[in-house]
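Let's take a walk through a protein together. Have a look at the sequence and the 3D view below, and then follow along one stop at a time.

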Amino acid sequence: MKWPGPGHEIELLRSMVEIPSTSGREGELALMLVERMAAAGFDSHIDAVGNVHGAVGDPEGPEIRMLGHIDTVPGDLPVKLEGDILHGRGTVDAKGPLATMICAAARLADRVPARLTVIGAVGEEANSFGARHLLHLPPPDALLIGEPSGVHAVGIGYKGVFRFRTEFTQPPAHTSSSQATAAEVAVAFWQELTAALAEGHTDDTPLFQRALPTLVGMAGDLEHATLDISCRLPIGFDTRALTDRLSAVGRVTVVEDVPAVRSRRTDPAVAALNGAIASRGIRPVPKLKLGTSDWNVVARDWPVPTAAYGPGDSRVCHQDDERIDLTEYLAAIDVLTDALPRLAHALRRNRSTDGAEQLSGSVPQ
């Protein structure tokens, strides 16, 4: 089927944004996408947890898997078009990047030497249960993550996250006692934790290389106190050692432990996107993101060439003014349409060799 072109591509994104799809309520959007992709010639289906799958291209070729997400954070924002700017929840995070992947794959369906698989995962804004469900799949030959990088930038890494609750208990005592209350012990713990994680760093240390703790919840009195902490992690951070250290002070319950990921700039997925951007006379920008994504979840099981790409300014993610420039969106489809054949040819050249040696991909470290 011939892909209709830019007008249809804009209409697809707007239709996606007009369907609310907060985490856990993605069903209507999933049905729309599976029907749209089937009509465009994709082999499409919805899996057991609600992820949308679509595939086109050469079934015998290397698989380039493109993983985006269809859920959004809450926020009933009016969907409106003002000139070239489309406003609405999910325009940037991350329906814009996912639509970019669908459109680029559709354009290339009959002319790329690879199997192009697009997956719109559920629950990325919650606990990434959609991505976790995908871990039973065999690794692809390469992976592209659909997240907003900006049309001329390539995401090469995401920080990890360590979320935990620490509980403190002190024996009963009068407020006139010199004994510290549980609330005071919790405050002292927080101060010591932030100081310990800052050791060895200066104001010049890049944020991507630091462990960045955030106190997201607290409660306490004389005898009992709790702290809920989220810590963004650099590459190679030892969460087990930190857990042991924390457990010596209070009871620790780990809520989430996801390592950081990073690709080399020579990674074939990164190189293909860089080449497509550079061919337009623009210098590509590598980006290291301080948040996490589904890349962090799948990296250990899919240690393949990986990069993140998608239109949009990540600074408006989750904001009340979330919006995307449609000229950038269409330009990103052009870039990805150029990058995918570059990556496919690189993968085919290396198919007869050991991919672990030749195409060493991103892994959590």
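**A guided tour**

Ser-128 is buried, with a relative accessible area of 6%; buried means under 20% relative accessible area, exposed means over 50%, and partly exposed lies in between, using a 1.4 Å probe and protein chains only. Before going further, please note that this is a predicted model, in which local features need pLDDT of at least 70 and side-chain atom pairs count only at pLDDT 80 or more, while totals for chains, interfaces and linings use all residues. Residues are numbered from 1 along each chain as its sequence is written, and side-chain values use heavy atoms, with hydrogens and water left out.

Where along the chain is Ser-128? Ser-128 sits in the loop between β6 (115-121) and α4 (129-133). Labels like these come from DSSP runs numbered from the N terminus: helices are H or I with at least four residues, and strands are E with at least two. The phi of Ser-128 is near 55°, which is positive although the residue is not glycine. Most residues other than glycine have a negative phi, and most peptide bonds are trans. His-318 also has a positive phi, near 70°, in a residue other than glycine. You will find His-318 in the loop between β15 (306-309) and β16 (323-325), and at 41% relative accessibility His-318 counts as partly exposed. As for peptide bonds, the one from Asp-93 to Ala-94 is cis, with omega near -5°. Ala-94 belongs to the loop between β5 (85-87) and α3.

That loop leads us to helix α3, residues 95-108. Its 14 residues reach 20 Å from the first C-alpha to the last, close to the 20 Å expected at 1.5 Å a residue; the expected span is 1.5 Å times one less than the number of residues. Is α3 largely enclosed or open? Of its 14 residues, 13 are buried, so α3 is largely enclosed by the rest of the structure. One residue of α3 to look at is Ala-99, which is buried with a relative accessible area of 0%. Leaving aside neighbours within four places in sequence, Ala-99 is in contact with Leu-12, Leu-13, Met-16 and Tyr-329, where contact means heavy atoms within 4.5 Å.

Phe-42 is our next stop, in the loop between α2 (27-39) and β1 (43-46). This residue is buried, with a relative accessible area of 4%. Not counting residues up to four places away in sequence, Phe-42 touches several others, among them Ile-102, Ala-105, Ala-106 and Val-118. Another of its partners is Ala-55; Phe-42 and Ala-55 are 13 residues apart in sequence and 5.1 Å apart in space, C-alpha to C-alpha.

Now turn to helix α5. At 1.5 Å a residue, the 17 residues of α5 (residues 182-198) should span 24 Å, and its end C-alpha atoms are 25 Å apart, which agrees. Which residues of α5 are buried? They are Ala-182, Ala-186, Phe-189, Trp-190, Leu-193, Ala-196 and Leu-197. These residues cover an arc of only 135° around the axis, which puts them on the same side of α5; the arc is that of the directions from the helix axis to the C-beta atoms. The face turned away from this buried side carries the exposed residues Gln-191 and Glu-192. What covers the buried residues of α5 includes β9 (160-169), β10 (212-220), β11 (224-233) and α6 (239-247). Just after α5, Gly-200 takes a positive phi of about 85°.

Strand β9 comes up again at our last stop, the largest pocket. β9, β12 (251-258) and α8 (294-298) each supply at least two residues of its lining. On a 1 Å grid over the protein atoms alone, a pocket is an open set of points with protein on both sides within 12 Å along at least five of seven lines, and lining residues have an atom within 4 Å of a point. The largest pocket is lined by 26 residues, of which Glu-124, Glu-125, Gly-291, Thr-292 and His-318 lie nearest its centre. So the partly exposed His-318 that you met earlier turns up here too.

Methods: 1 Å grid on protein atoms, 1.4 Å probe; cavity = no way out; pocket = protein on both sides within 12 Å on 5 of 7 lines; lining within 4 Å.
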